[in-house]
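Visitor: I should like a close look at one part of this model, namely its strands and how they are paired. Please describe them in one connected account.

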Amino acid sequence: MRPLPARIRPFPVAALLVAALLFLTACGGAQAPAPTTVKQIAVAISKRTVTPPPSRIDVAKGQTVRITVTSDVADQAHVHGYDKAADLKPGSPATIEFVADQSGLFEVETHGQELQLFQLLVR
């Protein structure tokens, strides 16, 4: 038998490229996956002292943030810009959880004692 002429022979590289393109299309493309980890932040307030001391905490846009605050007095913790809040009862942990879907720098503080707990940097 004679071999097929070069213009008729199948081209395996092209077939592989087409298969890879079909696979990526079926899988939603080559997009980076959204962050799936939960950023857990714990803060305690005792005698108007915040522990750990207020600082800037970075999170990825799209990441879930879970803030747990324990206070020795009744108050309210609030995440500005997201309008998320939790009532604080003495000695009982309160949790605020949300998806950080807005980029920027956001203050997290208490309303009654007017204490800054930290700054949340979402990028």
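Guide: Two strands count as paired if DSSP finds at least two bridges between them; strands themselves (E, at least two residues) are DSSP runs numbered from the N terminus. The model is predicted, with local features requiring pLDDT of at least 70 and side-chain atom pairs pLDDT 80 or more, while totals for chains, interfaces and linings use all residues. Residues are numbered from 1 along each chain as its sequence is written, and side-chain values use heavy atoms, without hydrogens or water.

One open sheet is formed by 4 strands, in the order E2-E1-E4-E7, with mixed pairing. Strand E2 (49-51) and E7 occupy its edges; each has a single partner strand, so one side of each lacks a neighbour in the sheet. From one strand to the next, the twist averages 20 degrees (between lines fitted to C-alpha atoms; angles run from 0 to 180 degrees between N-to-C directions). At the E2 edge, E1 and E2 are joined in the antiparallel sense over 3 bridges. Within this sheet, Ala44 has Thr51 in E2 as its bridge partner.

A second open sheet contains 5 strands, ordered E3-E9-E8-E5-E6, and its pairing is likewise mixed. Here E3 and E6 are the edge strands, each with a single partner, so one side of each is without a neighbour in the sheet. Neighbouring strands are turned by 20 degrees against each other on average, direction ignored. Between E8 and E9 the pairing is antiparallel, over 6 bridges, and Val108 stands opposite Phe118 in E9.

Leu105 also belongs to strand E8. Leu105 is partly exposed, at 40% relative accessible area (buried is under 20%, exposed over 50%, partly exposed in between, with a 1.4 Å probe and protein chains only). Leaving out residues up to four places away in sequence, Leu105 touches Arg56, Gln119, Leu120 and Leu121 (contact means heavy atoms within 4.5 Å). Leu105 and Asp58 are 47 residues apart in sequence, yet their C-alpha atoms are 9.2 Å apart in space.

The next topic is the core. The largest nonpolar core (buried Ala, Val, Leu, Ile, Met, Phe, Trp, Tyr and Cys residues joined through side-chain atoms within 4.5 Å) has 25 residues, of which Ile41, Ile67, Phe98, Leu117, Phe118 and Leu120 touch the most other members. Strands giving two or more residues to this core include E1 (38-46), E4 (64-71), E7 (94-99), E8 (104-110) and E9 (116-122). E9 gives the most, with 4 residues. Among the residues touched by Phe98, not counting those up to four places away in sequence, are Val65, Ile67, Val79, Tyr82 and Leu120.

Finally, the structure holds 2 salt bridges (a side-chain nitrogen of Lys or Arg within 4 Å of a carboxyl oxygen of Asp or Glu). In one of them, Asp58 is joined to Arg123, the closest N and O atoms being 2.8 Å apart. This pair links distant parts of the chain, with Asp58 in strand E3 and Arg123 in the segment after E9, 65 residues apart. Asp58 is partly exposed at 39% relative accessibility, whereas Arg123 is exposed at 61%. Glu97 forms a salt bridge with Arg66, the closest N and O atoms being 2.7 Å apart. Glu97 lies in strand E7 and Arg66 in strand E4, 31 residues apart. Glu97 is partly exposed, with a relative accessible area of 42%, and Arg66 is partly exposed at 25%.
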